[in-house]
Structures are given as C-alpha cells and as structure tokens.
Amino acid sequence: MIDQWGRKVNYMRVSVTDRCNLRCVYCMPLQGVQLRPRDEYLNYDELLRVIEAGLSLGIDKIRITGGEPLVRAGLVDFLAKLKPMGVKDLSLSTNGLLFAPMAEDLKKAGVDRVNFSLDTLKADRFHKIARLSGDIDAVTKAMDAAIEVGMHPVKMNMVVIRGWNDDEIVDMARLSIDRPIHVRYIEVMPFSEAYEFTWENLVPAAEMRQRLMDEFEDLEPLRKGIEGNGPAKYWKIPGSKGSVGFISAVTECFCGECNRIRLSADGKINPCLGHVHEVDLKPFIRNPEATLEQLAGAMSDAIHLKPREHNFDDATADFSKRIMHGIGG
Ligand code: SAM
Ligand code: SF4
C-alpha cells in the first residue's frame, strides 16, 4: 500500500517475543525486565492473522525479530506456514547464539536471509556489551551455518558505540573479505537503555566510512546495493566476497525510502521507529466478531500515521520509553 507521502509500504518486521538471552547495553535493561503474562503476547495463530491482513494490503516481505526470536518455542513450525500463505521474502534477525543447530530447519521452513548481531570480536568486550554469557564462536559458527545452508545474503550488524567498540570498525570489515558476509555498521539510536549515552557516544556513519577509507584506500561504493529491505548504503573492499554497509538512522535521514511497519510482540503497530505513536491491533485480533477486513483497516490506518521523517533530534519527544527489545529493531 502507498502511504500519504507516496512511499510503497510492503515490509513488516514482526517481533515474536520481547524476551532475550542477552542484555545488550543499548537495548535491554540488565535487571528489572518485567516478565509479562503470556496472554499479552500474540500467539502464533494471532500472528498469522496479522500477516494475512498485511498480505491483503500488499505487505509480502516479513522479517522475524524480537527480543531474540529463536528463544520462542515453536518458531520453526510457525515460519513454515508463511511462504504458503503468500509471503515472498522471509528473513530473520538474531543474535545468532542458538542459530547453528537450527540453520537447516530454518532454511527448510522458508527463511531466505538472516541478519546476525555482533558488536565485537573480543570475548571480554562481548560480556561488557551483551552482559549475559554468550559465546562469540557460536555467532561466527552461525554465520558459517547460514552460508552453508544457502541463506543469502548473510548480514552482520554491529551497533557502533564510541569508546566501547569503535576501534573494531576495521577488524569487522575484514570479515567481509573471505566470506560472503555483509557487515553493517549501525548508528546507535537514542532509545530506552541507550537514551542516556547516545549523543556523546554516537559515531556518525560518515566518520565510520572515513575510518574504513583510511585503512582500505580503494574502498568502492556499490551502486546496486545488497538484496534486502533496508536503507543501508553499501561499499566493498575490492576483491572481497562480501561488503560493508552503513545504517545512518540518526545522522543521514533515509526516511524518504521507508517501506516498513513494525509489529510488536504484544500486537501494536509502530508506524515509525522515530516517533512514539503506535496502533493497538489486539482489539481487532481478539474480538471474535472483528473481520479480517477490519484488522487490515486498522493496519492501513497505522500506515497512514507514518510521518514523513523521524524526529530523533526533537528534545521534547520521549524516546527513553521506546523499548527496542519489544519493538524488534
Ligand atoms: N535479538 C536480535 C538481534 O539482536 O539481532 C533481534 C532483535 S534486535 C532488537 C534487532 C536489532 O536492533 C539488532 O541489530 C540490534 O543491534 C538493534 N538495536 C537494538 N537497540 C538499538 C539501538 N538503541 N540503536 C541501534 N540499534 C539497536
Ligand atoms: Fe537481545 Fe537483540 Fe536486544 Fe541484544 S539487541 S538485547 S540480542 S534483542
């Protein structure tokens, strides 16, 4: 469907849980995460109904996210239902810890592509950033497993935080040399946990690019980009199998190309990450008398609410209440 600013919206990020086996400093509080009653989350049948309504509006690209989607039981069986319904492009965002043993089943269930999150290659830093125990090797094995089972492209997201991991920008780029891995550098966004430190710790994409150019003088822009639904701009170290990309949500607004809405684990549509309004679909999902058309109507209303641009630099907007592990990134 086309929104009021003329953008085609055909992509929905679906958060299947707000639980996670990590507690990344910019995403989720270490302590005090309220475990909500299970019935606050959409069950799989309810998620399928929202996706069916989305398909009727032309939303046929779905990314499964979280929290950590792979901690939700029954995920593979749920995923296997999506392609037969008409979903054309099915992708997954994961921290990768549980991925490798599931890779083949996920591929069989229809997952075309995967994005892994990895902010550092140093074990001690991993514990400082992700805070719960996790093994970097499990994530690198996950990337190999994804390539082996034929997921393509395989992307690796690094949230860059000055003073925490920005000295690894160049090392991360080297991951793209020998394997078809597309490393993406994400500007830290001023949400929830990251709200306090974003502005002083933000490394603008232009600076990240410059640091790579200082190291790889012949870094070349990729005009065609890399398959996916996102706003990253890609570059390549000549001769490398993968690429490097920049997601400059804060400093270089790419809202003119925005094609997405987000469904939170508790059934709310977020029309824009950079605005605090949302539309609750639960009354349409849980009312036995509400029709699929009414549900699609509520989603279409949410799409109409999409603003022209994000407003991260609006000091009066309360982004500290944006909970990334609930929205799904
Ligand atoms: N657990 C999965 C993962 O980490 O990939 C999926 C959910 S996570 C919320 C999705 C994406 O959001 C990750 O790439 C994560 O790095 C990103 N993210 C979370 N909080 C962020 C923030 N404050 N600024 C920028 N990116 C953020
Ligand atoms: Fe969990 Fe992903 Fe958030 Fe890290 S970024 S806490 S892995 S949901």
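## Exercises on a predicted model

Of the 103 residues that make up the largest nonpolar core, Met12, Ile64, Phe78, Phe99 and Tyr185 touch the most other members. Helix α6 (residues 136-148) gives the most to this core, with seven residues. The model is a predicted one, and the exercises below start from one of these core residues, Phe78.

**Exercise 1.** Work out which residues Phe78 is in contact with, leaving aside its neighbours within four places in sequence, and classify the ring pair of Tyr44 and Phe78.

*Solution.* Begin with the surroundings of Phe78: beyond those neighbours within four places, Phe78 is in contact with Val16, Tyr44, Leu47, Leu48, Ile51 and Ile64. Next, take the rings of Tyr44 and Phe78, whose centres are 4.8 Å apart and whose planes are at 20°, a stacked aromatic pair; the cut-off for stacking is an angle under 30 degrees. Then place the two partners in the chain: Tyr44 belongs to helix α1 and Phe78 to helix α2 (residues 75-79), so the pair ties together parts that are 34 residues apart in sequence. Finally, check the accessibility, which shows that both Tyr44 and Phe78 are buried.

**Exercise 2.** Compare the length of helix α1 (residues 44-56) with the span expected for it, and describe the residues at and just beyond its ends.

*Solution.* Helix α1 has 13 residues, which at 1.5 Å a residue should span 18 Å, and because its end C-alpha atoms are 18 Å apart, the two values agree. At the N-terminal end, Asn43 acts as a cap, with a side-chain oxygen 3.1 Å from the backbone nitrogen of Asp45. Just after the helix, Gly58 takes a positive phi of about 90°. Within α1, the buried residues are Tyr44, Glu46, Leu47, Leu48, Val50, Ile51, Ala53 and Gly54. To read such a list, recall that an α-helix has 3.6 residues a turn, so residues three or four places apart point the same way.

**Exercise 3.** Classify the ring pair of Phe99 and Phe116, and decide whether Phe99 is buried or exposed.

*Solution.* The structure holds three aromatic pairs. In the pair of Phe99 and Phe116, the ring centres are 5.0 Å apart and the planes stand at 90°, so the arrangement is edge-to-face. The pair links distant parts of the chain, since Phe99 sits in the loop between β3 (89-94) and α4 (103-108) while Phe116 is in strand β4 (residues 113-117), 17 residues away. Phe99 has 0% relative accessibility and therefore counts as buried, and Phe116, also at 0%, counts as buried too.

**Exercise 4.** Locate the salt bridges of Glu168 and Glu215, and establish how accessible the partners are.

*Solution.* A search of the whole structure finds 16 salt bridges. In one of them, Glu168 pairs with Arg125, and the closest N and O atoms are 2.7 Å apart. This pair links distant parts of the chain, with Glu168 in the loop between β5 (154-160) and α7 (169-178) and Arg125 in helix α5 (residues 123-130), 43 residues apart. Both Glu168 and Arg125 are buried.

Turn next to Glu215 and Arg174, whose side chains meet in a salt bridge at 3.2 Å, N to O. Glu215 lies in helix α9 (residues 205-215) and Arg174 in helix α7, so this pair ties together parts that are 41 residues apart in sequence. Here, Glu215 counts as partly exposed at 42% relative accessibility, and Arg174 likewise counts as partly exposed at 37%.

Notes. Residues numbered from 1 in each chain as written. Chains lettered and ligands numbered in written order. Predicted model: local features only at pLDDT ≥ 70, side-chain atom pairs only at ≥ 80, totals over all residues. Heavy atoms only, no water. Helix = DSSP H or I, 4+ residues; strand = E, 2+ residues; numbered from the N terminus. Expected span 1.5 Å × (residues − 1). Buried < 20%, exposed > 50% of the residue type's maximum accessible area, 1.4 Å probe, protein only. Polar contact = N/O pair within 3.5 Å; in protein donor to acceptor, adjacent residues only side chain to side chain. Salt bridge = Lys/Arg side-chain N within 4 Å of Asp/Glu carboxyl O. Core = buried A, V, L, I, M, F, W, Y, C linked by side-chain atoms within 4.5 Å. Contact = heavy atoms within 4.5 Å. Phe/Tyr/Trp six-rings, centres within 6.5 Å; stacked < 30°, edge-to-face > 60°.
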